[in-house]
Amino acid sequence: MHGRREYDNPYDDFAPHRENNIINIKDGKIHHQFLEKMRMSADRLLLHLESGVSSGDSRDTSIYTGCTGIALLYYLLSSRRDPQHLPKAVNMMEQSLKRLKYRDVTFLIGDAGPLALGAVLRKHGRSAERVQELVDRVVALLPRVVDLTSDLPDEMLYGRAGYLYALLYLNQEIGPNTVSCDTIGQVVSALLRSGQALSQKENRSVPLMYMWHRKYYVGGAHGIAGILYVLLKAREHLGQDELHSLVKPTIDYVQGLRYPTKNFPSSVGSTSDRLVQWCHGAPGAVQLFTEAHKVFGEERYLRTALECGEVVWERGLLSKGYSICHGVAGNAYTFLHLYRVTGDLKHLHRACNFADWCFSYGRNQRQKPDRPLSLFEGIAGVIYFLVDLENPNEARFPGFEL
């Protein structure tokens, strides 16, 4: 392991005619024995999480590393397992709303996430009449987002794409037109104008270009792949000319950045083929290319997505840890996504093997998380993945997939 970022994958790949204790070949579902192991592991980790949450630092209100991410986990548990988790989510959420810092605007890092999730939880809880108050507060962030003279970047974690995700999330979870077409259209337009302006300023051949911290990042969290994916999810707010003359050529440009290994670089021009994680590398690009296949119908996009899956299967058991953002649980969402898109049991089998790796949480980890309880860096994210995997057709990478 010295100097390597991943462990050798010790698991056998799926053989469709060979019985195993992971996938029931007869019905194409997760084997009941493996499902029970998975539930027991999630329950054990949840006990560990809950013993630490009461004494944890609640000043961080973000979904990414703060208490709102724990609330999102409780919301998933309430809908998939036991409705009694909903009051926990609501109580934690209401406390978060009192401590917002009014700085960042995105779903994962900023105020838009707690406000949007708060609106969803109020809809399901005892404060349904107060939903619109929080929706209005999300929309009130719009002026800064569409102001291209501000210092706001465009990426998912801190930028315009992360705010756009929050708007789309509200319409998906609460109902169509919860956020108006005009509001969403303004953000889409700002993302396109910003990408065009940078491309022209830098004299790039690609129609849209995006930068964060002086680098042209490529991946899901900070890069072009994440931005383009959210734009495709908002495609009803794009004109056909914008879709085909701006977005599609930029997708093709990103596709052409791959290394010979089929992994994606962390940033344009990087020659270091090291990172295979959601924030940088193939795991953060797979959703873009399946969505591009859905929109444009070209098989080469689906091929690229499937090749991302092969990269993750070979190199995705990371020594860094188990997290959603840069660990094994996040990488496993590559397989869950490909299973949902293709129906191929191979991908479900691979996701379950990565879950098996997570059963021994903490053992194969060379770096302790900075925020060990959190959704994107710590144990809450692993629990979220294990619970999500119980219903693989409903599983979505939190704060990214729609």
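Helix 15 is mostly covered, with eleven of its eleven residues buried (under 20% relative accessible area with a 1.4 Å probe and protein chains only; exposed is over 50% and partly exposed lies in between). Helices here are DSSP runs of H or I with at least four residues, strands are E runs of at least two, and both are numbered from the N terminus. This is a predicted model, in which local features need pLDDT of at least 70 and side-chain atom pairs count only at pLDDT 80 or more, while totals for chains, interfaces and linings use all residues. Residues are numbered from 1 along each chain as its sequence is written, and side-chain values use heavy atoms, with hydrogens and water left out.

The buried residues of helix 15 run through Ile379, Ala380, Gly381, Val382, Ile383, Tyr384, Phe385, Leu386, Val387, Asp388 and Leu389. Their cover includes strand 2 (29-30), helix 1, helix 2, helix 13 and helix 14, where contact means heavy atoms within 4.5 Å. Helix 14 (residues 345-359) is one of these partners, and its axis comes within 11 Å of the axis of helix 15 (residues 379-389), crossing at roughly 140 degrees. That angle makes helix 14 oblique to helix 15. Axes are lines fitted to C-alpha atoms, for helices over the stretch in contact, and angles run from 0 to 180 degrees between N-to-C directions. Angles under 35 degrees count as roughly parallel, over 145 as roughly antiparallel, 65 to 115 as roughly perpendicular and the rest as oblique. The crossing of helix 14 and helix 15 is left-handed, meaning that the near helix is turned anticlockwise from the far one by less than a right angle (clockwise would be right-handed). On the helix 14 side, Leu348, Ala351, Cys352, Phe354, Ala355, Cys358 and Phe359 do the touching, and they meet Val382, Phe385, Leu386 and Leu389 of helix 15.

Helix 14 also holds asparagine 353, which counts as buried because its relative accessibility is 4%. Setting aside neighbours within four places in sequence, asparagine 353 is in contact with Tyr11, Asp12, Ile22 and Trp313. Trp313 turns up again among the buried residues of helix 12, along with Tyr301, Leu302, Thr304, Ala305, Cys308, Gly309, Val311, Val312 and Arg315. Helix 12 (residues 299-315) has 17 residues that should span 24 Å at 1.5 Å a residue, and its end C-alpha atoms are indeed 24 Å apart; the expected span is 1.5 Å times one less than the number of residues. Cover for the buried part of helix 12 includes helix 10 (240-255), helix 11 (286-296), helix 13 (328-342) and helix 14.

Another left-handed crossing is that of helix 1 and helix 2. The axes of helix 1 (residues 32-53) and helix 2 come within 13 Å and cross at roughly 140 degrees, and the two helices are therefore oblique to each other. Leu46, Leu49, Glu50 and Val53 of helix 1 make this contact with Ile70, Leu73, Tyr74 and Leu77 of helix 2.

Helix 2 (67-80) is also among the elements that the buried residues of helix 7 pack against, together with helix 4 (112-124), helix 5 (131-139), helix 6 (142-146), helix 8 (181-201) and helix 9 (224-233). Helix 7 (residues 160-173) has 14 residues and reaches 20 Å from first C-alpha to last, close to the 20 Å expected. Twelve of those 14 residues are buried, including Tyr163, Leu164 and Tyr169. After helix 7 comes glycine 175, with a positive phi near 150 degrees.

Those three helix 7 residues matter for the core count too: Tyr163, Leu164, Tyr169, Ile251, Phe385 and Leu389 touch the most other members of the largest nonpolar core, which has 145 residues. Such a core is a set of buried Ala, Val, Leu, Ile, Met, Phe, Trp, Tyr and Cys residues joined through side-chain atoms within 4.5 Å. Not counting residues up to four places away in sequence, tyrosine 163 touches Val105, Thr106, Ala112, Val138, Val139, Leu141, Leu142, Val145 and Val187.

Away from the core, the loop between helix 8 and helix 9 holds histidine 213 and arginine 214. Histidine 213 has a positive phi near 50 degrees without being a glycine, and phi of arginine 214, also not a glycine, is about 65 degrees. Histidine 213 counts as exposed at 61% relative accessibility, as does arginine 214 at 79%. Arginine 396, in the segment after helix 15, counts as partly exposed at 29%.
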